[in-house]
Amino acid sequence: MADKLNAVKGMNDTLPPESARWEWLEGIVREVTSRFAYCNIRTPILEHTALFVRGIGEVTDIVEKEMYSFHDRSDKYGDNDHLTLRPENTAGIVRAAIEHNMLYDGGKRLWAIGPMFRREKPQRGRFRQFHQFDVEALGFAGPDVDAELVLLASSLFKAIGLTDVRLEINSLGQPAERAQHRAQLIAHFEAHADQLDEDARRRLHSNPLRILDTKNPAMKAVVEAAPRLIDFLGAESLAHFEGLKAILDANGVAYTINPRLVRGLDYYNLSVFEFVTDRLGSQGTVCAGGRYDGLFEQLGGKPAPAVGWAMGLERVLDLVKEQGTAVPVPVPDAYAVVPDVAAMPVVLRTLQQLREAGVRVQMHAATADGLGSFKSQFKKADGSGATYALIFGADELARGELTVKALRDGTGAQVARPLADLAGWAATLQSPAPNN
Ligand code: ATP
Ligand code: MG
């Protein structure tokens, strides 16, 4: 036998019935984004490496060590390009907005969902291919849109039934305010250099803000004692922050201000926020975002304000499981029991008509051993979760009928239904779709 091939480490297959949980979540994503009037955008999974180097920043874990990058072969359509599997979606969406001049007639509210790739150490809540749901509001400057995005996330958590997430917010102010803070931050860390780990020492001058974001518990004390960025904000930045808080307060959205919540790059400014949970161990951030008014310029576009967030769907689904939230499992309305292969043309024609009338029907299919006994077919019908069995027995078919047998109500009641008048009874088989 040939060697067995397995999936790449840290990249998961999603199989049924687990995939039904993904479809359920994606259905809620579509529903909630449409309630907020956000439009779907789809950008390529491969982008030029330069996009992420400029759009995420050279001194970040992602660009320093996590990207899947390669030199494409040169051909007449492209010349030896350096490409990268997207590690996140914002850079690609902003690139697309610039490339297609999407903001020519005003701001755009967008959402996207899809796989992202980062070469991280695989563990619970951390994979090498994972999935994000992103929302990005492009071209809007006010704290009202920052708040709208937070409210969208809240609505989503509510629709999913997640209660164990809390919101943390902070303001990064503007670059000039951060420059003042930065000088004092470096002085603080230099004075306590013995407490810094290797990453932090390396970033002390290139990206000191990022040190506040450390996951190393040994650095907790030195980080907590660091000067707070929020104390360096001017009136305008504070007003923006107050604007966000006032809207969250008016909506009864609870939050805590976390002065250590930061983004390491210059084009991030003003609002930052994260939804976190204590129920997933150290991978507790389920949704993270903020304002990035400098990114359009950084990527060669006309300046445009922007704000967005990304949600890790594996973590959200893990939390759904952890909380024991019931997720509807789709089942067919009916299962067709077929005693004789000779009946297949009539059976399949009938099932096709039922499906076109909106009934979800599973057909009993033959294996190498044939169709199997009546009894084994009923076992399958039962296992499928269908509400009814449709029995295509020879006697029934000779009368131009089939038998509908109730499988779930304890009665086992059977009724004969005419094949010629399918429209008259098809609807009696239908139960509401699980996502409605
Ligand atoms: P973390 O601090 O957990 O590494 P991050 O700051 O790198 O997260 P972002 O780049 O802000 O994360 O991505 C947004 C969200 O995407 C995270 O909050 C998380 O839910 C999810 N996420 C990020 N990296 C992974 C991964 N490797 N596997 C699964 N989910 C991830
Ligand atoms: Mg990370």
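This passage describes the aromatic pairs and the charge-over-ring contacts in a predicted model.

Four aromatic pairs are found in the structure. One of them joins W111 and F133 in an edge-to-face arrangement, with 6.2 Å from centre to centre and 80 degrees between the planes. W111 belongs to strand β5 (residues 108-117) and F133 to strand β6 (residues 129-138), so this pair ties together parts that are 22 residues apart in sequence. Both partners are on the inside by the accessibility figures: W111 is buried at a relative accessible area of 9%, and F133 is buried at 0%. The grouping also takes in another ring, as W111, F133 and W309 form one aromatic cluster.

A further edge-to-face pair is made by F374 and F378, whose ring centres are 5.3 Å apart and whose planes meet at 75 degrees. Here the setting is a single helix, α14 (residues 374-383), in which F374 and F378 are four residues apart, about one turn of the helix. How accessible are F374 and F378? F374 is partly exposed, with a relative accessible area of 41%, whereas F378 counts as buried because its value of 18% falls under the 20% limit.

Aromatic rings also meet charged side chains in this model. The charged end of R109 is placed over the ring of F140, at 4.6 Å from the ring centre. In a similar contact, the charged end of R119 sits over the ring of Y68, 4.2 Å from the centre of that ring.

Methods: Residues numbered from 1 in each chain as written. Chains lettered and ligands numbered in written order. Predicted model: local features only at pLDDT ≥ 70, side-chain atom pairs only at ≥ 80, totals over all residues. Heavy atoms only, no water. Phe/Tyr/Trp six-rings, centres within 6.5 Å; stacked < 30°, edge-to-face > 60°. Helix = DSSP H or I, 4+ residues; strand = E, 2+ residues; numbered from the N terminus. Buried < 20%, exposed > 50% of the residue type's maximum accessible area, 1.4 Å probe, protein only. Lys NZ or Arg CZ within 6 Å of the ring centre and 35° of its normal.
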